[in-house]
Protein chains: 2
Amino acid sequence: MLRISKLTDYATVILARLAAEPERRFTAGQLAGETRLAVPTVSKLLKQLHRRGLVLSTRGLHGGYLLARPAAQITAAQILDALDGPVALTECASSESHCCIESSCLVGRAWQRVNLAIRRSLQEITLLELAGLSGSGGHPSALDRGFPLLKRGPL
Amino acid sequence: MLRISKLTDYATVILARLAAEPERRFTAGQLAGETRLAVPTVSKLLKQLHRRGLVLSTRGLHGGYLLARPAAQITAAQILDALDGPVALTECASSESHCCIESSCLVGRAWQRVNLAIRRSLQEITLLELAGLSGSGGHPSALDRGFPLLKRGPL
DNA sequence: TAAACTAGGACTAGTTTAGTACTATATGGG
DNA sequence: CCCATATAGTACTAAACTAGTCCTAGTTTA
């Protein structure tokens, strides 16, 4: 029913690998090898992640990629935004709407609201958790804590 | 970032219109007129909604469509399932996975969990609210109440 | 200066989505 | 009995998006 693109999924896998060794610098080839993804694809994704500020890059010999900040400070929402852009749940909700009947617009606003709620929830999930690195020792993660999806307030 | 298909959005508009007058029987043509959608599209959607049990239909002269049950008993999740089917957030999470490295699978499980959480939240949103019919007099809707997205428990 | 990297963009194939058309079936009225 | 008005189901086409690849340019270090 809801879907994220394959590429976004791949990107998460790549970021998870980087998160596992935050100090180490990986080349695109190394990451491709470890994740079993094709090199061009990994390369493309890393470029995009770099452009969006999620990873640092160094060029030239012995260059490679590095997580731009601790995994705990990278959210699922940021990863999705980096790759798919901030696409709304419905077209009507995003920018200009031509579907100008009242019932439709009410529906649009409702979806918009659901969308916002989902976004908010994705902002609470960090790469640490996606990577399965949120150690049992730490404080309970958002995934386990149970958190409010939809909060009170104006649309 | 997350998206529902146009058709699903249309379907919601149609269902919202039906919900506004639960007693009245609408033909596909009437609904198309009122929602400004193309007749074949509306017709196609209504057929599918009927197959999934969301609307009742009567054939022949003076036939038409009717909500199968009160709008309060139709959830956003049901509408999405009816049209897009129960597609998972990621491919890896849905059926069999060939991406068999550990990090990847951890990621997959995490997405799966997020997916489940979103589903759960969509099950709490009714057509009444989507249609903007949840009167201010009633009890607060799930959209306003704030409800836990992710609950404790095994994956 | 050559080798090993990343940066950026262009291009192609495949899949999905949206929309339309056509045929069959059911109902009710003249 | 027949025709007009509906829905039911299926098949088809066009457009959009996704995934994946390739090529050229720029950067760093031995």
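**Exercise 1. Describe the order of elements in chain A and how its residues are covered and connected.**

Read from the N terminus on, the elements of chain A follow the order α-α-α-β-β-α-α-α-α-α, and this is a predicted model. Counting the symbols by kind gives eight helices and two strands for chain A. The next step is burial: of the 155 residues in chain A, 41% are buried. The last step is connection along the sequence, where 60% of the contacts in chain A between residues at least 6 apart join residues that are at least 24 apart.

**Exercise 2. Work out whether the span of helix H1 of chain B agrees with its number of residues.**

Helix H1 of chain B covers residues 6–20, which is 15 residues. The expected span is 1.5 Å times one less than the number of residues, and for H1(B) this comes to 21 Å. The C-alpha atoms at the two ends of H1(B) are 21 Å apart, so the expected span and the model agree.

As a further step, ask how many residues of H1(B) are buried. Twelve of the 15 are, and the helix is therefore mostly covered, given that a residue with 20 or more other C-beta atoms within 10 Å counts as buried. Among them are Tyr10(B), Ala11(B), Val13(B), Ile14(B) and Arg17(B).

**Exercise 3. Describe how H1(B) packs against helices H3 and H2 of chain B.**

Two packed helices are described by the angle between their axes and by the distance between those axes. For H1(B) and H3(B), the latter covering residues 39–51, the axes come within 10 Å and cross at roughly 80 degrees. Since angles of 65 to 115 degrees count as roughly perpendicular, H1(B) is roughly perpendicular to H3(B). On the side of H1(B) the contact is made by Leu7(B), Tyr10(B), Ala11(B) and Ile14(B), and on the side of H3(B) by Thr41(B), Val42(B), Leu45(B), Leu46(B) and Leu49(B). Sorted by class, this contact holds eight nonpolar residues, one polar residue and no charged ones.

For H1(B) and H2(B), which covers residues 28–35, the axes are 10 Å apart and the packing angle is about 105 degrees. This again makes H1(B) roughly perpendicular to H2(B). Here Val13(B), Ile14(B) and Arg17(B) of H1(B) meet Leu31(B), Glu34(B) and Thr35(B) of H2(B), and the classes are three nonpolar, one polar and two charged.

**Exercise 4. Find which residues and elements surround DNA strand D and DNA strand C.**

Begin with DNA strand D, which is surrounded by 25 residues, the closest being Ser5(A), Lys6(A), Ala38(A), Gly60(A) and Ser57(B). The elements that give two or more residues to this surface are H1 and H3 of chain A together with H3 and strand E2 of chain B. H3(B) gives the most, with five residues. By class, the surface near DNA strand D divides into eight nonpolar, ten polar and seven charged residues.

Then turn to DNA strand C, where 25 residues are found and Ser57(A), Ser5(B), Lys6(B), Ala38(B) and Gly60(B) come nearest. The elements giving two or more residues are H3 and strand E2 of chain A together with H1 and H3 of chain B. The largest share, five residues, comes from H3(A), and the surface near DNA strand C has eight nonpolar, ten polar and seven charged residues.

**Exercise 5. Decide whether Leu67(A), Gln48(B) and Gln73(B) are buried, partly exposed or exposed.**

Leu67(A) lies in strand E2 of chain A and is buried, because 23 other C-beta atoms lie within 10 Å. Leaving out residues up to four places away in sequence, Leu67(A) touches Leu18(A), Ala19(A), Pro22(A) and Val55(A). Leu67(A) and Ala16(A) are 51 residues apart in sequence, and their C-alpha atoms are 9.6 Å apart.

Gln48(B) belongs to helix H3 of chain B and counts as partly exposed, because it has 15 C-beta neighbours inside 10 Å. With residues up to four places away in sequence not counted, Gln48(B) touches Ala82(B) and Leu83(B).

Gln73(B) sits in the loop between E2 and helix H4 of chain B. A residue with 12 or fewer such neighbours is exposed, and Gln73(B), with 12 inside 10 Å, therefore counts as exposed. The C-alpha atoms of Gln73(B) and Ser121(B), 48 residues apart along the chain, are separated by 15 Å.

How values were computed
Residues numbered from 1 in each chain as written. Chains lettered and ligands numbered in written order. Predicted model: local features only at pLDDT ≥ 70, side-chain atom pairs only at ≥ 80, totals over all residues. Helix = DSSP H or I, 4+ residues; strand = E, 2+ residues; numbered from the N terminus. Axes fitted to C-alpha atoms, helices over the stretch in contact; angles between N-to-C directions. Parallel < 35°, antiparallel > 145°, perpendicular 65-115°, else oblique. Contact = placed C-beta atoms within 7 Å. Nonpolar A, V, L, I, M, F, W, Y, C, P; charged D, E, K, R; others polar. Near = placed C-beta within 6 Å.
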